[in-house]
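Work through the exercises below with the sequence and the model open. Try each task before reading its solution.

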Amino acid sequence: MPHQEKKHLSDEEIVRQVIARKDTALFGLLYDRYADKVFAKCMSFTHDRQSAEDLAHDVFLKVYLKLGEFRFEAKFSTWLYSVTYHECVEYVRKNKKISKEQEAYGAEQEYKDSADSEAAMLELKLEQLKLLLEKISPEEKALLLMKYQDNLSIEEIMAHTQLGESAVKMRLKRTREKVVTLSRTMVVISIVVVMYWLFIFLQ
Amino acid sequence: MTEEPNPFKKLEEEHKAPEGLKEKVIASVEISQVLMEIADLFTEKMGRTVLDLFKTKLDDKD
């Protein structure tokens with residue numbers, strides 16, 4: 001069957017055929033389906049088109065080499081994103097100094113419960129969100145993207161992060177609260193700066 | 001009031017994969033495939049051949 005006629009196949013069926021036949025051209029179909037999403041994720045971690053291109057290249061190559069490890073228990077896309085996040089986090093770790101503040105997940109620290117943190121985070125403007133995602137650690141960022149960009153369930157995130165249910169929920173909650181708190185802090189700082197300049201201007 | 005879309009989804013739609021990346025990926029995948037087949041030839045298949053050779057000699061003694 002020519003590859004044109006295989007476009008209706010599920011991702012998992014294509015994976016089975018790629019493994020069985022070592023068909024690299026068929027792997028191109030998987031690339032076509034996910035290239036934009038993988039590249040966008042890489043861009044959100046690297047902020048540089050060339051690095052994102054290199055990273056996306058490495059992700060797809062790694063996925064091909066590890067296809068035999070895919071267990072067909074989750075969706076292929078979930079597994080692909082998990083490989084992508086792993087590579088992205090590794091990239092950031094190698095290329096950036098992570099501050100102590102970002103390193104600390106703060107298991108010992110108590111956070112006040114805020115039921116509206118999810119709603120508040122999802123109301124952020126795109127530019128605000130981009131800025132705030134730079135203020136948290138790559139692991140926290142990957143967790144938020146898994147949950148709110150890829151719509152993964154807690155169980156799927158658990159499988160790909162090797163964390164327990166309560167740990168995933170707690171980290172998601174803390175990360176959301178961190179993002180919301182940072183956004184509010186930024187608003188307060190902006191108001192103070194505007195008032196300061198207004199005061200200077202009026203004098 | 002229209003509901004604002006999830007900003008995480010908008011973030012995902014901001015960038016498209018560059019042209020030419022697919023060719024690079026497929027070329028790397030093909031080279032890796034050839035290298036894996038060569039490695040396989042020299043490890044598993046070569047190993048099995050050598051083992052078979054020794055086994056045959058031991059069998060001969062019996």
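**Exercise 1: a helix and its span**

Task: compare the span of H2(A) between its end C-alpha atoms with that of a straight helix of 23 residues.

Solution. Step 1: the expected span of a helix is 1.5 Å times one less than its number of residues, and for a straight helix of 23 residues this comes to 33 Å. Step 2: H2(A) spans only 28 Å between its end C-alpha atoms. Step 3: look along the helix for a bend, the angle between axes fitted to the seven residues ending at a residue and the seven starting there. H2(A) bends by about 55° at Tyr34(A). Step 4: go past the end of the helix, where His47(A) follows H2(A) with a positive phi, near 60°.

Before going on, note that this is a predicted model, in which local features need pLDDT of at least 70, side-chain atom pairs count only at pLDDT 80 or more, and totals for chains, interfaces and linings use all residues. Residues are numbered from 1 along each chain as its sequence is written, while chains are lettered from A and ligands numbered from 1 in the order in which they are written.

**Exercise 2: the core**

Task: find which helix of chain A gives the most residues to the largest nonpolar core.

Solution. Step 1: count the elements; chain A has 10 helices and 0 strands, where helices are DSSP runs of H or I of at least four residues and strands are runs of E of at least two, numbered from the N terminus. Step 2: find the core, a set of buried Ala, Val, Leu, Ile, Met, Phe, Trp, Tyr and Cys residues joined through C-beta atoms within 7 Å. Buried means that 20 or more other C-beta atoms, placed from the backbone, lie within 10 Å of the residue's own. The largest such core has 49 residues, and Val38(A), Phe39(A) and Cys42(A) are among those with the most contacts inside it. Step 3: helix H2 (residues 24–46) of chain A gives the most to this core, 10 residues. Step 4: take Cys42(A); leaving aside neighbours within four places in sequence, Cys42(A) is in contact with Ala52(A), Leu55(A), Ala56(A) and Cys88(A). Contact here means C-beta atoms within 7 Å.

**Exercise 3: the side facing chain B**

Task: describe the contact between chain A and chain B.

Solution. Step 1: chain A puts in 30 residues and chain B 23 residues. Step 2: the largest share of chain A's side, 11 residues, comes from H2(A). Step 3: check the confidence; the predictor gives the complex an ipTM of 0.72 and a pTM of 0.73.

Technical notes
A residue is buried if 20 or more other C-beta atoms lie within 10 Å of its own, exposed if 12 or fewer, and partly exposed in between; C-beta atoms are placed from the backbone. Two residues are in contact if their C-beta atoms, placed from the backbone, lie within 7 Å.
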